Amino acid sequence: MASTRKSQKADSVPIVSSAHLVSPQSAEMSEFEFGLIVAGNAFHRWVVHCMSAAGLKDLTPLDVLVLHHVTHRARDKRLADICFIMNVEDTHLINYALKKLQGLGVVASSKSGKEVTYAATEQGRAHVERYREIRESCLIDALGADEGLNHDIGQLARLLRVLSGMYDQAARAAASL
């Protein structure tokens, strides 16, 4: 009986990073934010290690994600488009990553009039393909997702997109205070 009460009590205490932010209206939001922090950091560590195993060392998480996006659908990308899709306001961060990737020979730029576009080089595409192979063997195979888990992951992805919009709106509201 005592262990059951202890278990119920432990289940009701939210796991958060900042107890002072827990709202009586939604303690779950604080739990979500803590999960987002931990998951975000784990994801960033993963992409860096995976790309390092694929042969590109000393990249930041943003560098890796920019390379993936520049490779996406084999279409040239403008700086503004990369920032927009990745939801990064500071173009200098993306520009720095692009310059670093160009220096490594995995991204190339081209100019058409005033427009500068970026695309993965053959070497960049080879690293991205190797990353994909490593991702498949280290992450996807370990996940062992069935139809139900894949459905849940899809639902979670949709919820994250909704919440990102809410955070963007809240940021605009806070910026106007």
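At what angle do α3 and α6 pack, and how far apart are their axes? The points below take this up first and then turn to the rest of the predicted model.

1. Packing of α3 on α6. The two helices pack at an angle of about 110°, and their axes are 10 Å apart. Angles of 65 to 115 degrees count as roughly perpendicular, so α3 and α6 are roughly perpendicular to each other. On the α3 side the contact is made by Val64, Leu67, His68 and Thr71, and on the α6 side by Arg125, Val128 and Tyr131. Sorted by class, this contact has four nonpolar, two polar and one charged residues.

2. Burial along α3. The buried residues in this helix are Asp63, Val64, Val66, Leu67, His69, Val70 and Thr71. Arginine 73 follows α3 and has a positive phi, near 60°.

3. Threonine 71. This residue has its place in helix α3. Its relative accessibility is 16%; buried means under 20%, and threonine 71 therefore counts as buried. Leaving aside residues up to four places away in sequence, threonine 71 touches Ala120, Arg125 and Val128. Arg125 and Val128 are also among the α6 residues in the contact with α3.

4. Packing of α2 and α7. The axes of these helices come within 13 Å and cross at roughly 105°. α2 and α7 are therefore roughly perpendicular to each other as well. Met29, Phe32, Glu33 and Leu36 in α2 meet Leu160, Leu163 and Tyr167 in α7. By class, the contact of α2 with α7 has six nonpolar residues, no polar ones and one charged residue.

5. The largest pocket. The space in this pocket comes to about 1,600 Å³. Its lining has 32 residues, and those closest to the pocket centre are Leu36, Phe43, His44, Leu65 and Leu160. Two of these names recur from point 4: Leu36 in α2 and Leu160 in α7 belong to the contact between those helices.

6. Source and class of the lining. Which helices each supply at least two residues of the lining of the largest pocket? They are α2 (27-53), α3 (61-71), α4 (79-86), α6 (122-143) and α7 (147-175). α2 gives the most, with ten residues. The lining divides into 22 nonpolar, seven polar and three charged residues. Both helix pairs described above, α3 with α6 and α2 with α7, are thus drawn from helices that contribute to this lining.

Methods: Residues numbered from 1 in each chain as written. Predicted model: local features only at pLDDT ≥ 70, side-chain atom pairs only at ≥ 80, totals over all residues. Heavy atoms only, no water. 1 Å grid on protein atoms, 1.4 Å probe; cavity = no way out; pocket = protein on both sides within 12 Å on 5 of 7 lines; lining within 4 Å. Points joined across faces, edges and corners; volume = space filled by probe spheres on them. Helix = DSSP H or I, 4+ residues; strand = E, 2+ residues; numbered from the N terminus. Nonpolar A, V, L, I, M, F, W, Y, C, P; charged D, E, K, R; others polar. Buried < 20%, exposed > 50% of the residue type's maximum accessible area, 1.4 Å probe, protein only. Axes fitted to C-alpha atoms, helices over the stretch in contact; angles between N-to-C directions. Parallel < 35°, antiparallel > 145°, perpendicular 65-115°, else oblique. Contact = heavy atoms within 4.5 Å.
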